[in-house]
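Student: Hi! Could we go through this one together?
Tutor: Happy to, here it comes.
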Amino acid sequence: MYLLKSLPEPIAAERIDLLSRAEPATIGHFLHTGFMDSGIRAMLPPKRIAGTAVTVRYPGPDGAMAHYAVGQARPGDILVIDRCGDQRHASLGGALAYAARAAGVAGIIVDGVVTDIEELRRYGLPVWSRGLTTITVKTLGIGGEFCIPVSCGGVAVSPGDAILADENGVLVLRPELIEYAANKAIGLQTAEKQTLQRVDAGEKYPDILGTSAIIAQHLAQH
């Protein structure tokens, strides 16, 4: 059975550009939810990407839904694939990555495994997954769902959510949080550069951060 819904409204390009200036790990300093688990890893050193989530869910050995999703995706979209717990069959390989790149897809995130790592590297499409396999999906027509809420890396992802990903991991954000998260992260990144300049000038890192003072106060009280 197939359940096919409409594509979500794309997030405006200027908002995606703003989000792409933030590092997921910097946002991790002040947000506690939306981060996919560490099993979802970059398959090749990717550039940082940001985009609109287009969600897909399909079972075990049937890959027809992945083909459909690539045919529907728009430039800048990020495909987020829920494999219904399957860790055996590759949900994509070189040919599908090539087609996705041709469609302008910014990246693919899979809660499952992939194949053809050499081709993925050659084509340069950023892919995150739980690992590699030699067993591939087939076009069986079992069914699947497109643009519905899914689970990926332990995080609920809805069509139209914002995705921010780099080598450190993947973050899912509700669109209304983009400006808050991005601007705060960019501010922290700027402040960190100033901290490093102070380290270069000879100051001690715990003194700059105030850690030394906190520990000294604790010791004085005990």
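Tutor: One term to begin with: a salt bridge is a side-chain nitrogen of Lys or Arg within 4 Å of a carboxyl oxygen of Asp or Glu. Also, this is a predicted model, where local features need pLDDT of at least 70, side-chain atom pairs count only at pLDDT 80 or more, and totals for chains, interfaces and linings use all residues. Residues are numbered from 1 along each chain as its sequence is written, and side-chain values use heavy atoms, with hydrogens and water left out.
Student: Got it. How is the chain divided?
Tutor: Into domain 1 (2–174) and domain 2 (183–220), with bounds that come from an automatic or database domain assignment. Eight residues from domain 1 and six residues from domain 2 make the contact, where contact means heavy atoms within 4.5 Å.
Student: And how many salt bridges does the rule find across the interface of domain 1 and domain 2?
Tutor: Zero. The rule does find three residue pairs in polar contact there, both residues at pLDDT 80 or more. A polar contact is a pair of N or O atoms within 3.5 Å; within protein, one must be able to donate a hydrogen and the other to accept it, and residues adjacent in sequence count only if both atoms are side-chain atoms.
Student: What area do domain 1 and domain 2 bury between them?
Tutor: About 600 Å², with 72% of it on carbon and sulfur atoms. Buried area is the accessible area (1.4 Å probe) that two parts lose on being put together, summed over both. On the domain 1 side, Arg21, Thr26 and Phe30 supply 63% of the area buried against domain 2, more than any other three residues.
Student: Switching topic: where is alanine 106?
Tutor: Alanine 106 sits in the loop between helix 4 (94–102) and strand 5 (107–111). Helices (H or I, at least four residues) and strands (E, at least two) are DSSP runs, numbered from the N terminus.
Student: Is alanine 106 buried or exposed?
Tutor: Buried, because its relative accessible area is 18%; buried means under 20%, exposed over 50%, and partly exposed in between (1.4 Å probe, protein chains only). Not counting residues up to four places away in sequence, alanine 106 touches Ile49, Gly76, Asp77, Ile78, Leu125 and Pro126.
Student: And threonine 195, which helix is that in?
Tutor: Helix 6 (residues 178–200). Threonine 195 is buried too, at a relative accessible area of 14%. Leaving aside neighbours within four places in sequence, threonine 195 is in contact with Tyr205 and Ile208.
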